[in-house]
Amino acid sequence: MKNKIYLAIAAAVVLCACDKKDNDEYTDGPDNSVNGSNYTTLIIAQEDLPDKLTWAEAMGIDIEYNNALFNQPSYYTPTTTTGCGGYSEEGYPAGSWRLPKLSELQTIYSRRNSLDGLYGTSYSSSTESNETQARSLGFLTGQPIRGNKMAQTSVRCVRYE
């Protein structure tokens, strides 16, 4: 049986020691440590952003991408100071946070009982459906939602170490 890590630290919450697969999905590592180059730690911000945001605002990228595919690499560099691009916590500066992928939101949802402050009914993900739609996750049902990028939803930022 694999162990999971639930470790509260001063600035954020570490969800798991994760093994990155080639398909950019993450699985729990074989132990609670982050040891070796194949392991990374998913860190979730301690709180939601104070305002609901459109997809591009939450991503911290130019608003033009609400109507175009962003085709982001696995890790993108925010171009604005909105949303996750401008989020910071002590020890974790602005520019180091990003909007979670749908699969990461599903991990957060599955462990929501050990996290504080998940008050939104749906949370934005960086996963796009097409030029004008992105995926979010309904936190009442745990089901993915395909919605307009202009819709404003709750945002919880993540980062990896």
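Helices and strands here are DSSP runs, numbered from the N terminus, with at least four residues (H or I) for a helix and at least two (E) for a strand. With that in hand, L53 can be placed in the loop between β4 and α1. The model is a predicted one, and L53 makes a handy starting point for a first look around.

L53 has a relative accessible area of 14%, so this leucine counts as buried, the cut-off for that label being under 20%. What does L53 touch, once its neighbours within four places in sequence are left aside? The contacts are A58, G83, S124, A151, Q152, T153 and V155. A link across the sequence shows up in the distance to Y123 as well: L53 and Y123 sit 70 residues apart along the chain, and their C-alpha atoms are 10.0 Å apart in space.

Stepping back to the whole chain, there are 3 helices and 8 strands. Going along the sequence, the order of elements reads β-β-β-β-α-α-α-β-β-β-β. The chain has 161 residues, and 47% of them are buried. Contacts that reach a long way along the sequence are well represented: among contacts with a separation of 6 or more, 60% are between residues 24 or more positions apart. As for the outside, the accessible surface comes to about 8300 Å², and carbon and sulfur atoms account for 47% of that area.

Next comes a sheet. Three strands make it up, an open arrangement in the order β5-β6-β7 with antiparallel pairing. Which strands stand at the edges? They are β5 and β7, each of which has a single partner strand, so one side of each goes without a neighbour in the sheet. From one strand to the next, the twist averages 40°.

The pairings can be followed strand by strand. β5 (residues 122-128) and β6 (residues 133-138) run antiparallel and share 4 bridges, and the hairpin that joins them passes through 4 residues. Within this pairing, Y123 faces L137 of β6. On to the next pair: β6 and β7 are also antiparallel, joined by 5 bridges, and here S136 has I145 in β7 as its bridge partner. Although β5 is an edge strand, β5 is mostly covered, with 6 of its 7 residues buried. Something also lies across the sheet strands: helix α3 (residues 102-110) spans β5, β6 and β7 and runs at about 10° to β6.

What about the nonpolar interior? The largest nonpolar core holds 17 residues, and W55, W97, L99, V155 and C157 are the ones with the most contacts inside it. Two elements, β4 and α1, give two or more residues to this core. Of these, α1 gives the most, with 4 residues. Another core lies apart from it and has 13 residues, I44, L115, L137 and F139 among them. L137 thereby turns up again, having already appeared opposite Y123 in the sheet. V155 is likewise a familiar name, as one of the residues in contact with L53.

Charged side chains round off the tour. Side chains of opposite charge can pair when their charged atoms come close. A search of the whole structure turns up 4 salt bridges. One of them is between D48 and R156, with N and O at 2.7 Å. Why does this pair tie together parts that are 108 residues apart in sequence? D48 is in the loop between β4 (39-45) and α1 (55-59), whereas R156 is in the loop between β7 (144-148) and β8 (158-160), so the pair bridges that gap. Both partners are out of the way of solvent by the cut-off used: D48 is buried at 16% relative accessibility, and R156 is buried at 2%.

A further salt bridge joins R98 and E104, at 2.8 Å from N to O. R98 counts as buried at 6% relative accessibility, and E104 does too, at 2%. R159 and E161 form another, their closest N and O atoms lying 3.1 Å apart. At 12% relative accessibility, R159 is also buried.

Methods
Residues numbered from 1 in each chain as written. Predicted model: local features only at pLDDT ≥ 70, side-chain atom pairs only at ≥ 80, totals over all residues. Heavy atoms only, no water. Salt bridge = Lys/Arg side-chain N within 4 Å of Asp/Glu carboxyl O. Buried < 20%, exposed > 50% of the residue type's maximum accessible area, 1.4 Å probe, protein only. Pairing = 2+ DSSP bridges. Axes fitted to C-alpha atoms, helices over the stretch in contact; angles between N-to-C directions. Contact = heavy atoms within 4.5 Å. Areas by Shrake-Rupley, 256 points an atom, 1.4 Å probe, with all protein chains shown as cover. Core = buried A, V, L, I, M, F, W, Y, C linked by side-chain atoms within 4.5 Å.
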